[in-house]
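Colleague: I'd like to learn how to read side-chain contacts and strand packing in a model. Could you walk me through a case?
Modeller: Gladly; let's look at it together.

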Protein chains: 2
Amino acid sequence: MLRNYIFSSLNTKQLGLTVVLSGWVNNIRDKGGIVWINLRDHYSSIQLIIEKKNISETAINDMKLLNNDSVIRVIGVVSKKFSKHKEINDIEIKINFLEVLSYSNVFPFILDNKIDSNEFLKMKYRYLDLRNKKKKHNLIFRYNLIKKIRNYLDLYKFLEIETPVLVKPSLEGAREFVVPSRIYSGKFYSLQQSPQIFKQLLMMSSFDRYYQIVKCFRDEDLRSDRQPEFTQLDCELSFVTRKNILIIFEMMIRELFYFFKGFELKKFNTISYKDAICNYGTDKPDLRFEMKFVELNFLFKNSNFKIFDKSEMILGFFIKKHHNYNIKKIFELEKFIKDSQFKIDGFFYIKYELDGSFKSSFSDFFNLNDLNNFFSVLGLEKGDTLIITSGNKDPLYSLMSDLRLKLGNDLNLISKEKFSPLWVLDFPLFKFDNIEKKYTSVHHPFTSPLNNINLLDSEPLNIISNSYDLVVNGIELGGGSIRIDNANLQRDVFKILGFNDKEIDNKFGFFLNAFKYGVPPHGGIAFGIDRFCALINQSKYIRDFIAFPKNNSAFDLMTNSPS
Amino acid sequence: MLRNYIFSSLNTKQLGLTVVLSGWVNNIRDKGGIVWINLRDHYSSIQLIIEKKNISETAINDMKLLNNDSVIRVIGVVSKKFSKHKEINDIEIKINFLEVLSYSNVFPFILDNKIDSNEFLKMKYRYLDLRNKKKKHNLIFRYNLIKKIRNYLDLYKFLEIETPVLVKPSLEGAREFVVPSRIYSGKFYSLQQSPQIFKQLLMMSSFDRYYQIVKCFRDEDLRSDRQPEFTQLDCELSFVTRKNILIIFEMMIRELFYFFKGFELKKFNTISYKDAICNYGTDKPDLRFEMKFVELNFLFKNSNFKIFDKSEMILGFFIKKHHNYNIKKIFELEKFIKDSQFKIDGFFYIKYELDGSFKSSFSDFFNLNDLNNFFSVLGLEKGDTLIITSGNKDPLYSLMSDLRLKLGNDLNLISKEKFSPLWVLDFPLFKFDNIEKKYTSVHHPFTSPLNNINLLDSEPLNIISNSYDLVVNGIELGGGSIRIDNANLQRDVFKILGFNDKEIDNKFGFFLNAFKYGVPPHGGIAFGIDRFCALINQSKYIRDFIAFPKNNSAFDLMTNSPS
């Protein structure tokens, strides 16, 4: 027998009981006749006390070579612990048999929680890094999160149904892994990027509610929050509207937060895509702090200031009640803007000092009266600062979104313990890809338009989609849509995306065919499980919640793969 | 709103309530002024009654084109059903609004349960075939089975931990799918065949009990019970012996049978690999019926009968108390043997007729006295038949195993409702591949020897492994082993399998390295989920329990994949 107790089950109730224990040596103190070993199993640790006279000569010799993290098996008696240091655990095990099961070398790195310390070694020896209590608990958290999600969905009559991983190539387009078939030489499967088509087919099969916790694959250059394989909670429901879906999944997220964080989230806010862009410059705004953009065209356009006149848009931030926000910090902002990938026309500031004077980057052009006037129109006061940027809309919004986050951090507006969930609605159905010179789907080609279907031929960019993203603290946690349930509309959408009839029939013929046999209205949503774990634990790195992650270059340093 | 009730929730308690329902038309009867529609949702069906005067002209017209399996949305009032035919469901819905959501064409085939009827069309239109109640319930069964498995394992402190799908090529050898990497041109991942190495690394990470319900991939020619991607329940435990594992998983299987079949399985029998081969000719014996082989060397060797004297082995079956087992049936057996892929030397029979005479295929050689003597020595009586075969051991065992199953069926010895689980133990660690001229693992290279490690260099074929297979009704449901936990032994095993040190370091270096840091004794087991579903439902086809299976040639007829 290798053990008959896990350590956490032992307490003073078992005093006098002989137990068999196995585990890893946490530390060992040899005081001559007596040796103390702190032994660890998966769950906890326990104190062993070994009087050398009670164990064999062999055991004494074997102990000499014992390093931390070696594995031993012992037999001993549960005893009351006597110690000068009062400890929480008030038993210890008096050992009369000890056997070394496996010796450990000294670790190639220290099990710490420092980010970027020995990151290469930690990836290479991932199996050792996972002995780190925090990393281990990340995976236990992940297990518990998924368990709760399953329980919730089971209660709401969702069925988990597995869909194929090996699918037809190019069902979903770019960046897919291809898998050559050995049986059919010259032919390929691809690895599913998401079960989108299959889950819709399940609705057409008359299943009511589907979910799957499923590995998906994307062969793309990686960023810190992407892995070539990632796990998705994928859901689809029949006979639902957007409202139904938002309610069901808002409730789910709220229950998960209540369970794991111990607090109730407020009712989720909603915002339209358009408002998100206009106010925050992004469709993933971090609403832990407010700080909307202010559009300043009305104030500065036609003021004969050339940069403003040639700019498409003039935006501003009010920095209110931060009179310590000084010129040095403003120069940092200017540098941040210059270093940004997004190019804009102008950056200016006006600071109204407490002494009533103005510091401004265009004092040459606007006089004291003008500046006073601006501040009074905008309702700004002494001590406040006005930041002004101008340029073409798209880069300006993107840059201002980054700038907003920087200001949020600089001004300490972002509470680390706050979660601000937000449904972003009413995305456009299409966007225009200026490089490829064609329309692409903002979500995916199966997303249903919300209205204005009549604009499909004339103004596709003005069609709003029946979609929704869940954004929490600026991170996209999930997203979905009501789907197209009509073959003609689906074909029209494919055509706008640049497919001709032959290509459509070749790639999607089987799918369009399925629309002929009674299709229920349906929609769904998907959440990134890895990212969910990271978010709820306020970690920046999704790889902390994956047992054996690849690195940022999709490389597995432990096994040396791909090879 | 698309609906506010699923049909199964409606009953006489809601009489008078106005409800919104959506579903598929099961059938429609138009009797002039009144139309009856039987409407189906995922869960059940319900009767609609439509007086044409109560609905709009448009609705009446739309109804005219209504085929079965079209999707409609209705609003109506829950009413008491008045019918000459007393039905179980005693409500119907009086409709005052009807909208067609999606028309259906006539199906390309009939939703029946006949095997091999329209199999091609059923695969091509899998989404329609899944509307078949039985197929749908297969997937619901699968969901419930997995749910129960998860609950059981959770209770026993197993954690589900995901391992990578994209792994280093050739960790496990042949028949793997390779996946070219786009980022690292010329390099490959492969798709995992099982999480074997990763789950062992998790034990080395000091996780206590792991499980995963996980897709695995094998690129091999398919048989009726194989798919290129299949789902496995994969488990691994630290500090366990074989006995621990057999108890935990026998209990799991028993609980599942009790829950889903409503009966208690008897305590599982165990048999050694050697006994399984000697008695039943296979390591997967179907023990729903006994009928062991009888070794007849003692009786027929040295009887100067040449065929027997040159044969390595003489085996027999007793067919007792089946005096109707006549010569015609014996000739069928002979034909079965001739048609078999396994070639043997001799097939003979002796039948002791009720009238005291013998019918025998070697009456020319043995006289009445001999035959009487044989029957008396073997304890056979009037009406019994003795079947005798001889040949080389391996083909003879294989053929006799097939013959045993045929006799079991012919003699009606196999009860369809019986389940006979059996642990097969003590497999050899290695077998010798006569074609490749090398040793291969009977299970896999990580399996621990049970004893005789000293024979590793001299007689590897005589080493018994610490492994176990669970066989139910002749089907291998799962299998596993206690693993090697020592780097030197692991390296020795790799060497016997034909790897040199350089190859070992290249392929498994990272794994052997992990043995240096304190390895717990560990072992595990894996079960085929698809096969589990099929077995417990007494279905021959695992594809009946997969939402979107490939066909027997790994081809997806629905999407035309691979392509």
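Colleague: Is strand S18 (residues 421–425) of chain B largely enclosed or open, and how many of its residues are buried?
Modeller: This is a predicted model, and here is how I read the strand. A residue counts as buried when its relative accessible area is under 20%. Five of the five residues of S18 in chain B are buried, so the strand is largely enclosed by the rest of the structure. Look at its two faces as well: B:Pro421, B:Trp423 and B:Leu425 are buried on one side, and B:Leu422 and B:Val424 are buried on the other.

Colleague: Which strand runs parallel to S18(B), and how many bridges join the two?
Modeller: That is strand S12 (residues 269–272) of chain B, joined to S18(B) by four bridges. To find the register, start from B:Leu422 in S18(B), which has B:Asn269 opposite.

Colleague: And which strand runs antiparallel to S18(B)?
Modeller: Strand S21 (residues 467–472) of chain B does, with five bridges to S18(B). B:Leu422 is again a handy marker, as its bridge partner in S21(B) is B:Val471.

Colleague: Now to rings. What describes a pair of aromatic rings?
Modeller: The distance of the centres and the angle of the planes describe such a pair. Over all chains, the structure holds 98 aromatic pairs. One of them is A:Phe362 with A:Phe366, edge-to-face at 4.8 Å centre to centre with 85° between the planes. Both A:Phe362 and A:Phe366 are buried. Another pair is A:Trp423 with A:Tyr468: the centres are 6.4 Å apart and the planes stand at 85°, so this pair is edge-to-face. It links distant parts of the chain, since A:Trp423 belongs to strand S18 (residues 421–425) of chain A and A:Tyr468 to strand S21 (residues 467–472) of chain A, 45 residues apart. A:Trp423 counts as buried at 1% relative accessibility, and A:Tyr468 is buried at 0%.

Colleague: Which residues do ring pairs link into a cluster?
Modeller: The cluster holds A:Phe300, A:Phe305, A:Phe308, A:Phe348, A:Phe362, A:Phe365, A:Phe366 and A:Phe374. You have already met A:Phe362 and A:Phe366 as a pair.

Colleague: Where does the charged end of B:Lys136 sit?
Modeller: Over the ring of A:Phe207, 5.3 Å from the ring centre. Within chain B, look at B:Arg404, which lies over the face of B:Phe289 at 4.1 Å from the ring centre.

Colleague: How many salt bridges are there over all chains?
Modeller: The structure holds 68 over all chains, and I like to read each example together with its exposure. A:Arg142 and A:Asp530 form one, with the closest N and O atoms 2.7 Å apart. That pair links distant parts of the chain, from helix H4 (residues 133–155) to helix H15 (residues 529–536) of chain A, 388 residues apart. A:Arg142 is buried at 7%, and A:Asp530 is buried at 4%. For a contrast in setting, try A:Glu51 and A:Lys53, whose closest N and O atoms are 3.0 Å apart. Here A:Glu51 counts as partly exposed at 26%, while A:Lys53 is exposed at 67%.

Colleague: Which chains and helices hold A:Asp154 and B:Lys147?
Modeller: A:Asp154 lies in helix H4 of chain A and B:Lys147 in helix H4 (residues 133–155) of chain B, so the pair joins two chains. Their salt bridge spans 3.0 Å, N to O. A:Asp154 is partly exposed at 26%, and B:Lys147 counts as partly exposed at 25%. Also look at A:Arg150, A:Glu160, B:Arg150 and B:Glu160, which salt bridges with shared partners join into one network.

Terms used
Residues are numbered from 1 along each chain as its sequence is written. Chains are lettered from A and ligands numbered from 1 in the order in which they are written. This is a predicted model: local features need pLDDT of at least 70, side-chain atom pairs count only at pLDDT 80 or more; totals for chains, interfaces and linings use all residues. Side-chain values use heavy atoms; hydrogens and water are left out. Rings of Phe, Tyr and Trp (its six-membered ring) pair if their centres lie within 6.5 Å; planes under 30 degrees apart count as stacked, over 60 as edge-to-face and the rest as tilted. Buried means under 20% relative accessible area, exposed over 50%, partly exposed in between (1.4 Å probe, protein chains only). A charge sits over a ring if NZ of Lys or CZ of Arg is within 6 Å of the ring centre and within 35 degrees of the ring normal. A salt bridge is a side-chain nitrogen of Lys or Arg within 4 Å of a carboxyl oxygen of Asp or Glu. Two strands pair if DSSP finds at least two bridges between them.
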